[in-house]
Number of protein chains: 2
Amino acid sequence: VELLTYSIENRGNLPVYMYIYECIRRDILSGKIQPGERLPSKRPLAAHLGVAIITIENAYAQLITEGYVQSREKRGYFVSEDMKDIVVLPDRRSQEAGNALTSGGKEQNTAGDFSSGIKDQFENPINAATSIFADFSASSIKSDSFPFDSWAKLMRRSMLDHEVSFLEAPSGQGVQVLREAISDYLYKSKGMNVDAQRIIVGPGTEYLHHILIQLLGRNCFVAVEDPGYNKVGRIYETNGVRVLHIPVDEKGMIIDRLKDSNVKMVHTSPSHHFPTGSVMPADRRNRLLTWALSQDAYIIEDDYDSEFRFEGRPIATLYSMDGSHVIYMNTFTRTLAPSIRIAYMVLPEVLHRKYLDKLYFYSGTVSGFEQYTLASFIGEGYYERHIRRMRNRYKKCRSKMLEALRESGALKVISLNEDKAGLQLSFRVRDEYVKNAMNLDAKMLTLGVKIVAVKSYCYNAVRDYDNSYLLYYSDIDKMDMIKAFSMLKSALEN
Amino acid sequence: VELLTYSIENRGNLPVYMYIYECIRRDILSGKIQPGERLPSKRPLAAHLGVAIITIENAYAQLITEGYVQSREKRGYFVSEDMKDIVVLPDRRSQEAGNALTSGGKEQNTAGDFSSGIKDQFENPINAATSIFADFSASSIKSDSFPFDSWAKLMRRSMLDHEVSFLEAPSGQGVQVLREAISDYLYKSKGMNVDAQRIIVGPGTEYLHHILIQLLGRNCFVAVEDPGYNKVGRIYETNGVRVLHIPVDEKGMIIDRLKDSNVKMVHTSPSHHFPTGSVMPADRRNRLLTWALSQDAYIIEDDYDSEFRFEGRPIATLYSMDGSHVIYMNTFTRTLAPSIRIAYMVLPEVLHRKYLDKLYFYSGTVSGFEQYTLASFIGEGYYERHIRRMRNRYKKCRSKMLEALRESGALKVISLNEDKAGLQLSFRVRDEYVKNAMNLDAKMLTLGVKIVAVKSYCYNAVRDYDNSYLLYYSDIDKMDMIKAFSMLKSALEN
């Protein structure tokens, strides 16, 4: 293998490892480095580029997470063979890579969320008389998490500053200063170049789906992931749009299953699939984009917990690979407080023109007070700090849970998916113990422990997920955790 | 005529005049007093009941406003002949009258609104280079109207009081305390008996219409008033529901036009039609309700500016005549500030059950912070005081405008509809001057005066409204008003 040469001094504001990651990624996408080709070893490359070995390690780690590169034990790093299937889209690609390289996406510690459980609470109607001492069915990390004081202070100031604006209805798309703050934030935290004019603010992602239905009409299918975030399919069905439930394998949605149907929208969370936690690798992303381009269909990239990755930088978005067919969607409800109903999406240009043409008459749906407050909250750095705090907190809960799992001996009977993002771990009952795993969630509930079956997020019964469960991070006492996991172990050993 | 006997001591908390009004209304509806029958004269009735003459006058005035009674000059007061067509629905009626009589609806001065113009701003895309010195196209009464201090104080307190609740997503229907505050308010201010469980809170009436569409499906027509609030029809059309535009005469929607069609919902503002300002009289209300019952259709009673009646008490709602087929809808956006996006509707029982069954999965759409704040704002009397202040303010602007109209001599060329509610007056060019009235709004615009053509709210060109215009109350200088109205006069005299 040839040593790669990149001019570190051209990195702009990017951290060195991210610059190297972006350069290699660009070379892979452009075909300059071929599928199957071996990448230089870390040490010589570090010496060649004049950087620390850890820098190269970080860059490679990100490439591996995103599926561009595979590590083969004792043999080194190779460009993923899957990249062979990628149809390179030279214009968008190089443009995008260029953007990423000049966008100066300083690494921000952007993670935090404490309500993922809520998303699916309605899926879990179990009510037991037993007193629950260990609830892993929804994130229970709640106290002192929202910065009420700062929020109230900013709210008050916004009221005084914007007194006159408050007496006007906020525009249907959301107030300009908030859309600009979101655009800045996306640029700084994820290197995304987003035109504030194309952002639509709404009181939750559910409302944004309603907008999309009005833009795209009902004479088509929308595809959702199975298993996945069931509520999305339900919203479309309730609104008269037919829904296709596409099975998910370890790389995400199986693209072939989209063929031969009039699918005009696909809902997916490529950065962190719910509930399996998988990251959609580069080849699958490319196949999905290629499909969307060929069908002139849209991908809704639901980046619902992207702020909440414990290691590495945030996964590059689908949107930044192709903004013409990707609708980027995210929410503040998860990162701030469930009571704050503010979400947003970025519309591709064609859809945005349609929006202006067809839906111009709608009034704003989010209180002007809160829009201005949130704009200041983001613009003055409160948001980043809040997310950093939340992420650390979750990280600690996660470590505590991992320790409790180890110390309880439960790992003998279950195998963990050590997901490094999001708000929950998933586990699978080991094959030898499957015989005792029937209705494990119900069994545990009678013992005072709540866990969630992945099966409950499946639309079609998929046997693959029969023995998989979720454990939401929780700040219950470690001794209670150990007790709960010991009970889990006993239940499976019988 | 026989003197009517009612036991004033049974009035509960009702003011005496309202009690008498309710008793007579009940007797008319039950057929005890027949259509065409003469009511006792004021003086003897007052003596008979032991109340002041003014009390009887007030009671009769309200009966006249609502169309139950007609006053014939020098002959006295007669039950409206139109009441002949009324199909009496004895159960609901007596129940409702009973409720009203025991509900203790103390008279509240409930009026105020300052954004009616916004509702239709998008209808009025005229942009002239001329500098506008008199804008009657939207209400411009804006400054020092919103009680920022009280709001901020309550918001802060709510945050501390409800810290934990804020970390839960508000329910799809809205938080309980707000729904209870709304229910109390409707009871106190309008004598409505509303179960808080059947209230749905949303970020604007537009969203509430989306909910209704999801409940009733698309396989039907919705009927809207023509002229009327055009946005409603647009919302339904955009969502794939066919819209029937029903012409309006001086009593409101022409019910016969609803026949022979699959109409499942009718949108109307019986207390104050937009933009004509008419109040739907009792006989028309009854015909509308009878139609709805016979078709099992729903009436959306949009009470958009009911808080804003300058004389008499608020008009009795359709909802309180029959809650089984009326969806009562109202918004706080108009009475508080356009930036606050909180509206609500009361669903009839059958629809509410459908809602729980079908739409249970939706999250709340209004910030919990604002819901709790508004609940305190209403519950602690701030809302009433605010409305009273706003109403007085509008009343003053209205008087100023009426004076300016008189002093300018404009009444020679136009005739006013002296609407005693809402945010605007309407006028009609007198027949002798119609020849000069072509494009009057455009003509006035070139002179620096903005007025709104009623025609712009018509769906089908209706010649009846060709020469009608709206003047929104405005707090511009009286001299400017006189100047503007003098110009109007000259333009029409040519």
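Begin by selecting residues 221-226 and 242-249 of chain B in this predicted model. These are strand S5 and strand S6 of chain B, which run parallel and are joined by six bridges. Within this pair, B:Val222 stands opposite B:Val243 of S6(B). When the side chains are displayed, it is useful to recall that in a regular strand they alternate between the two faces of the sheet.

Next, extend the selection to the whole sheet. It is an open sheet of eight strands in chain B, ordered S4-S11-S10-S9-S8-S5-S6-S7, with mixed pairing. Strand S4 (199-202) and strand S7 (252-253) of chain B stand at the edges; each has a single partner strand, so one side of each has no neighbour in the sheet.

Add helix H8 of chain B, residues 176-190, which packs on this sheet. H8(B) touches S4, strand S10 (326-331) and strand S11 (343-346) of chain B, and its direction makes about 110° with that of S4(B). Then show H9(B), which lies across S4, strand S8 (263-268), strand S9 (298-302), S10 and S11 of chain B. H9(B) runs at about 160° to S10(B).

Now display both chains and turn to the interface. Here 49 residues of chain B are in contact with 49 residues of chain A. The two chains bury about 4,500 Å² between them, of which 63% is on carbon and sulfur atoms. Across the interface there are two salt bridges. To view a salt bridge, select A:Arg156 and B:Asp149, whose side chains meet at 3.1 Å, N to O. The interface also holds 25 residue pairs in polar contact, counting pairs with both residues at pLDDT 80 or more.

Colour the helices of chain B that supply at least two residues each to the side touching chain A: helix H6 (148-161), helix H7 (163-166), helix H9 (205-216), helix H10 (230-238) and helix H13 (368-379). H6(B) gives the most, with seven residues. By residue class, this side of chain B divides into 25 nonpolar, 12 polar and 12 charged residues.

Move to chain A and select residues 414-417, 424-429, 452-453 and 468-472. The strands S12, S13, S16 and S15 of chain A form an open antiparallel sheet in the order S12-S13-S16-S15. Its edge strands are S12 (414-417) and S15 (452-453), each pairing on one side only. Five bridges join S13(A) to S16(A), and A:Phe427 has A:Tyr469 as its bridge partner in S16(A). Helix H13 of chain A, residues 382-408, lies across S12, S13 and S16 of chain A, at about 20° to S13(A).

Select residues 69-72 and 76-79 of chain A for an antiparallel pair, strands S1 and S2, with four bridges. A:Arg72 has A:Gly76 as its bridge partner in S2(A). The two strands form a hairpin with three residues between them, and A:Lys74 in the turn has a positive phi of about 60°.

Finish with three backbone details in loops of chain A. A cis peptide bond joins A:Asp226 and A:Pro227, with omega about 0°; A:Pro227 is in the loop between strand S5 (221-226) and helix H9 (230-238). Another cis peptide bond joins A:Phe274 and A:Pro275, and A:Pro275 lies in the loop between strand S8 (263-268) and helix H10 (282-295). Lastly, A:Asp296, a residue other than glycine, has a positive phi near 50° and lies in the loop between H10 and strand S9 (298-302) of chain A.

How values were computed. Residues numbered from 1 in each chain as written. Chains lettered and ligands numbered in written order. Predicted model: local features only at pLDDT ≥ 70, side-chain atom pairs only at ≥ 80, totals over all residues. Heavy atoms only, no water. Pairing = 2+ DSSP bridges. Contact = heavy atoms within 4.5 Å. Axes fitted to C-alpha atoms, helices over the stretch in contact; angles between N-to-C directions. Buried area = accessible area lost by both parts, 1.4 Å probe. Salt bridge = Lys/Arg side-chain N within 4 Å of Asp/Glu carboxyl O. Polar contact = N/O pair within 3.5 Å; in protein donor to acceptor, adjacent residues only side chain to side chain. Nonpolar A, V, L, I, M, F, W, Y, C, P; charged D, E, K, R; others polar.
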